[in-house]
Amino acid sequence: MTVEYTRYRIADPERRAAFEKACAAAAEHLYAAPQCLGYELAHGVEEPERFVLRIEWTSVPDHERGFREGPHVRPFLAGIRPFAGDIEETAHYERLLVVAKGRV
């Protein structure tokens, strides 16, 4: 499994609200993609202009070839494309340690 993190910085509060709505709508296309295992959108507490979109993929090749060449990528990107200029970083990471205290 591979985790992709995309960091956004969106200064305008109105655009932040629009971004959250766009991500919620676009997420249905992630959910439908077999290469996607899960996703979350997090919002900065100390820095409200910051967001992190975290997507779990079955593998980097499944993301880069399977998802990007599949039917779900275009509608997903169409929903979030207005915020592409707000991206500060996108990268894949390999999970090394996970602790979920008190969760089954």
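Contact here means heavy atoms within 4.5 Å. With that in hand, some notes on this model, which is a predicted one.

1. Glu4 is a good place to start. Glu4 sits in strand β1, and its contacts, leaving aside neighbours within four places in sequence, are Leu53, Arg54, Ile55, Trp57, His63, Thr90, Ala91 and His92. The relative accessible area of Glu4 comes to 7%. The cut-off for buried is under 20%, so Glu4 is buried. Its side chain also makes a polar contact of 2.9 Å with the side chain of Trp57.

2. Still on Glu4: the sequence separation from Tyr93 is 89 residues, yet the two C-alpha atoms lie 6.1 Å apart. On the β3 side, Glu4 stands opposite Ile55.

3. Now the sheet as a whole. What is the strand order? Reading across, it goes β2-β3-β1-β4, an open sheet of 4 strands with antiparallel pairing. β2 (36–43) and β4 are the edge strands, each pairing on one side only. From one strand to the next, the twist averages 10°.

4. Strand β1 (residues 2–9) pairs with two others. With strand β3 (residues 50–57) it runs antiparallel, joined by 8 bridges. With strand β4 (residues 87–93) the pairing is again in the antiparallel sense, over 6 bridges. If you want to check the register against β4, look at Thr6, whose bridge partner is Thr90, and at Arg7, whose partner is Glu89.

5. On the other flank, β2 and β3 run antiparallel and are joined by 7 bridges. The connection is a hairpin, passing through 6 residues. A handy register marker is Tyr39, which stands opposite Ile55 in β3. Ile55 is also the residue that Glu4 stands opposite, so to speak a useful landmark when you trace across the strands.

6. Next, the helices against the sheet. Helix α1 lies across β1, β2 and β3, and runs at about 175° to β2. Helix α2 (residues 60–67) lies across β1, β3 and β4, with an angle of about 120° to β4.

7. How do α1 and α3 pack? The angle between helix α1 (residues 13–32) and helix α3 (residues 73–80) is about 170°, and their axes are 8 Å apart. The two helices are therefore roughly antiparallel to each other. From α1, the residues involved are Ala22, Cys23, Ala26, His29 and Leu30, and they meet Pro75, Phe76, Gly79 and Ile80 in α3. Sorted by class, this contact has 7 nonpolar, 2 polar and no charged residues.

8. Cys23 deserves a closer look within that helix pair. It belongs to helix α1 and counts as buried, at 10% relative accessibility. Setting aside neighbours within four places in sequence, Cys23 is in contact with Leu41 and Ile80. Ile80 is one of the α3 residues in the helix contact, and Leu41 falls within the range of edge strand β2 (36–43). For a feel of the helix run, Cys23 and Pro13 are 10 residues apart in sequence and 15 Å apart in space, C-alpha to C-alpha.

9. Is Tyr31, also in α1, buried or exposed? Its relative accessible area is 66%; the cut-off for exposed is over 50%, so Tyr31 is exposed. Tyr31 and Lys21 are 10 residues apart along the chain, and their C-alpha atoms are separated by 16 Å.

10. Last, Thr2, which is found in strand β1. Thr2 is buried, with a relative accessible area of 11%. Away from neighbours within four places in sequence, Thr2 is in contact with Ile55, Glu56, Trp57, Thr58, Ser59, Val60, His92 and Tyr93. One of these, Val60, has its backbone nitrogen 3.5 Å from a polar atom of the Thr2 side chain. Compare the list for Glu4, which includes Ile55, Trp57 and His92; those residues also appear among the contacts of Thr2.

Conventions
Residues numbered from 1 in each chain as written. Predicted model: local features only at pLDDT ≥ 70, side-chain atom pairs only at ≥ 80, totals over all residues. Heavy atoms only, no water. Axes fitted to C-alpha atoms, helices over the stretch in contact; angles between N-to-C directions. Parallel < 35°, antiparallel > 145°, perpendicular 65-115°, else oblique. Nonpolar A, V, L, I, M, F, W, Y, C, P; charged D, E, K, R; others polar. Pairing = 2+ DSSP bridges. Buried < 20%, exposed > 50% of the residue type's maximum accessible area, 1.4 Å probe, protein only. Polar contact = N/O pair within 3.5 Å; in protein donor to acceptor, adjacent residues only side chain to side chain.
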